[in-house]
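Me: Please take a close look at one part of the structure shown here, and set that part within the whole. I am new to this protein and would value a connected account.

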Amino acid sequence: MSSVSVETFPAVNMLDLEGSGQVERTNWVLNAPKPPGICSEIVSAIRENVFPCGNRFFSVCKEPRLRNVMPFLEGVFPIILLCKNYKISKFKRDLMAGLTLASLCIPQSIGYATLAKLDPQYGLYTSVVPPLIYALVGTSRDIAIGPVAVVSLLISSMLQKIQDPLVDPTYYRKLVFTATLFAGVFQAAFGLLRLGFLVDFLSHAAIVGFMAGAAVMIGLQQLKGLLGITNFTNKTDIVSVLESVWKSLHHPWSPFNFIIGCSFLSFILITRFVGRRNKRLFWLPAMAPLISVILSTLIVYLTRADGHGVKIVKHVKGGLNPSSVDQLLLNGPHLGEVAKIGLVIAVVALTEAVAVGRSFAAIKGYHLDGNKEMTAIGLMNIVGSLTSCYAATGSFSRTAVNFSAGCETVVSNIVMAITVFISLQCFTRLLYFTPIAILASIILSALPGLIDLSEARNIWKIDKLDFLACAGAFLGVLFGSVEIGLMVAVLVSFAKILLISIQPGAEALGLIPGTDMYYSVEQYPMARQTPGVLIIRVKSALLCFANANSVRERIAKFASQKVGTGDKENAGVRTQLVVLDMSSLLNIDTSGITSLKELQKELASQGIELAIANPRWQVIDKLKLANFIGEVDSRVFLTVREAVDACITPKMAAV
């Protein structure tokens with residue numbers, strides 16, 4: 001075929017300046033080096049994440065010994081880099097932030113431990129060891145580590161199906177430590193093997209719905225402490241909880257629990273309102289939970305309200321975190337179930353931690369490595385499971401307090417952990433008369449931050465399918481269980497991915513006047529289509545078994561229509577050439593190649609030629625291996641423009 005120019009372009013291509021003709025550029029496409037195989041990609045990924053210096057690790061190892069050790073240590077322990085430029089002025093701000101954080105962390109940790117069906121001291125243990133480990137290996141400067149409400153609810157709702165904590169609290173506690181170990185192992189594996197994309201299966205919309213549903217369920221479960229109910233259901237669905245509350249109200253109950261809880265809940269919410277109105281009083285809402293605990297404990301002690309129906313915490317064991325190595329259940333009938341629960345906890349905890357860390361990193365303008373964060377969180381939970389801690393992660397509410405208090409580095413976590421440790425050593429006996437209702441009010445005060453109605457409205461406005469995932473997760477948690485809510489969210493997200501993959505669509509392209517660029521004629525009505533030439537781009541990164549037939553049928557339907565400029569003076573003509581723009585196609589499988597072969601035969605039977613433009617590395621390699629290049633008579637080009645110029649016939653050009 002002769003090469004006929006349809007239009008003269010003022011811009012000069014750099015390739016022409018280098019003296020390379022069209023044939024040579026086509027050879028560049030056809031003779032590209034073989035792309036790296038899956039094994040080499042996996043090895044490269046492991047080097048990038050396992051070794052501190054990434055793929056440069058082996059070259060670094062050849063350098064002098066001292067120069068080897070420091071990059072290695074800095075990669076494993078980012079706190080070393082921090083120490084190089086750490087100043088006393090930063091420490092003052094970190095000290096204030098850490099103390100403020102501890103005042104909020106201590107009462108919250110006790111409350112979250114009761115939510116996880118554990119004794120109060122285990123919440124305090126979880127606020128000592130994990131933050132210290134994270135401070136050594138974590139990369140976020142702002143995140144506050146410790147127990148959180150959603151993970152605590154996950155643990156209690158899933159593990160109590162295996163063992164009722166009221167019947168055998170020792171065995172239940174062993175299950176918690178084992179699930180925490182599995183969660184840490186999964187989290188570390190996600191980071192080391194670059195498997196962070198698994199966390200993304202819980203989409204942003206699904207997380208919004210899940211968090212809101214979990215917040216409602218946590219709030220309903222706090223009615224037990226707020227009303228002083230003794231017999232309460234272990235189920236987490238809204239119907240069972242409300243039914244349990246209704247039945248309990250028909251039995252004798254003390255209103256003093258409700259009065260104490262609601263009074264201090266109002267106090268905490270008022271201080272939060274004041275803190276938002278006046279940023280200089282940021283410490284007031286942070287200190288409010290601790291003040292509430294102190295005041296309520298004094299009130300109960302002085303009035304002896306525990307003798308009048310007010311339920312109290314009683315004994316809280318203090319001292320150093322005891323070892324829990326001998327309590328791990330690494331064999332037994334429930335090992336598989338506990339491992340599955342650990343996986344769910346790992347994904348939810350990572351999702352919250354990475355989201356919190358990235359949010360505040362963006363505000364301060366520094367980069368947060370997601371894979372390193374996953375490894376750090378996994379490592380701290382592994383160590384935590386050996387030291388009587390349950391699953392910890394980054395808390396949004398405490399991180400916001402840490403940020404508002406002016407934290408500079410992770411040293412604020414160290415200050416917080418030391419403060420909690422001192423409290424464990426010296427002050428746990430003072431918590432004996434702390435009312436359960438005050439812990440319920442502290443948890444309730446933290447829940448509004450988990451419900452984001454404005455974001456739910458935005459999701460509805462932007463993407464209705466995303467909102468379906470959001471609503472599905474919310475209703476699943478509310479009327480089913482935490483596991484059902486997560487399952488619904490993942491299934492809806494998968495269904496959305498499959499729907500997009502199965503019906504990716506294809507768009508016709510036209511030439512933008514004054515340029516050599518081809519874009520969608522629907523998006524840009526001014527784009528001109530060359531008469532008789534159909535330029536198609538597949539709107540998918542993968543042409544595979546799920547969408548190959550749909551794409552083939554779509555292109556064949558386009559080819560059966562007449563193609564022209566769209567001008568009234570220049571009516572369209574029958575399609576004589578189809579140019580397949582593969583610039584968006586990242587990969588292809590055997591089903592995709594088979595569909596291209598069928599398309600080529602179908603077009604050839606109608607006298608229509610098929611050309612390929614700008615295929616990606618992996619795509620052209622597979623097309624060559626499948627001998628597809630010969631079937632299209634080597635009509636493979638670097639750009640769409642060259643494909644049109646090279647394949648257009650004089651008859652088509654004259655139209």
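Reply: A residue is called buried when its relative accessible area is under 20%, exposed when that value is over 50%, and partly exposed in between. These words recur throughout the account, which concerns a predicted model.

The protein as a whole provides the setting. It has 655 residues, and buried residues make up 50% of them. Its secondary structure comprises 30 helices and ten strands. About 30800 Å² of the protein is exposed, and carbon and sulfur atoms supply 63% of that area. Of the contacts between residues at least 6 apart in sequence, 80% join residues at least 24 apart.

The part chosen for the close look is a sheet together with a helix that lies across it. Six strands form this open sheet, in the order β4-β3-β5-β7-β9-β10, and their pairing is mixed. At its edges stand β4 (518–520) and β10 (636–637), each of which pairs on one side only. Strands of a sheet pair through backbone hydrogen bonds, in either the parallel or the antiparallel sense. Both senses occur here, as the individual pairs show.

Strand β3 (residues 506–511) meets strand β5 (residues 533–538) in the antiparallel sense, over four bridges. Within this pairing, Glu-507 stands opposite Arg-537 of β5. The next pairing in the order, between β5 and β7, is parallel and extends over five bridges. Arg-537 appears again here, standing opposite Asp-581 in β7. Arg-537 thus has Glu-507 as a partner in the pairing with β3 and Asp-581 as a partner in the pairing with β7. Strands β7 and β9 also pair in the parallel sense, over five bridges. In that pairing, Val-578 has Leu-610 of β9 as its bridge partner.

Strand β7 (577–581) deserves particular attention. Is it mostly covered or mostly open? Five of its five residues are buried, and the strand is therefore mostly covered, given that buried means under 20% relative accessible area. In a regular strand the side chains alternate between the two faces of the sheet. In β7, Leu-577, Val-579 and Asp-581 point one way, whereas Val-578 and Leu-580 point the other way; all of them are buried.

What lies across these strands? Helix α29 (residues 640–647) lies across β3, β4, β5, β7, β9 (609–613) and β10, and it runs at about 160° to β7. Eight of the eight residues of α29 are buried, so this helix is largely enclosed by the rest of the structure. The buried residues are Val-640, Arg-641, Glu-642, Ala-643, Val-644, Asp-645, Ala-646 and Cys-647. An α-helix has 3.6 residues a turn, so residues three or four places apart point the same way. The burial of α29 nevertheless takes in every one of its eight residues.

Some details elsewhere in the protein complete the picture. A search of the whole structure finds eight aromatic pairs. In one of them, the rings of Tyr-122 and Phe-177 have centres 5.9 Å apart and planes at 55°, so the pair is tilted. Tyr-122 belongs to helix α8 (residues 120–126) and Phe-177 to helix α11 (residues 169–192), so this pair ties together parts that are 55 residues apart in sequence. Tyr-122 is buried at 9% relative accessible area, and Phe-177 is buried at 0%. In another pair, the rings of Trp-460 and Phe-467 have centres 5.1 Å apart and planes at 75°, so this pair is edge-to-face. Trp-460 counts as partly exposed because its relative accessible area is 45%. Phe-467 is likewise partly exposed, with a value of 26%. Tyr-122 and Phe-177 also belong, with Tyr-125, to one aromatic cluster.

The cysteines offer a further contrast. Cys-105 is buried, with a relative accessible area of 0%, while Cys-426 is partly exposed at 44%. A disulfide requires two cysteine sulfur atoms within 2.5 Å, and by this rule the count is zero.

Finally, Thr-271 lies in helix α15 (residues 255–277). Thr-271 is buried because its relative accessibility is 4%. Apart from its neighbours within four places in sequence, Thr-271 is in contact with Leu-284, Pro-285 and Ala-288.

Note on methods. Residues are numbered from 1 along each chain as its sequence is written. This is a predicted model: local features need pLDDT of at least 70, side-chain atom pairs count only at pLDDT 80 or more; totals for chains, interfaces and linings use all residues. Side-chain values use heavy atoms; hydrogens and water are left out. Helices (H or I, at least four residues) and strands (E, at least two) are DSSP runs, numbered from the N terminus. Buried means under 20% relative accessible area, exposed over 50%, partly exposed in between (1.4 Å probe, protein chains only). Contact means heavy atoms within 4.5 Å. Accessible areas come from the Shrake-Rupley method with a 1.4 Å probe; for residues, only the protein chains shown count as cover. Two strands pair if DSSP finds at least two bridges between them. Axes are lines fitted to C-alpha atoms, for helices over the stretch in contact, and angles run from 0 to 180 degrees between N-to-C directions. Rings of Phe, Tyr and Trp (its six-membered ring) pair if their centres lie within 6.5 Å; planes under 30 degrees apart count as stacked, over 60 as edge-to-face and the rest as tilted.
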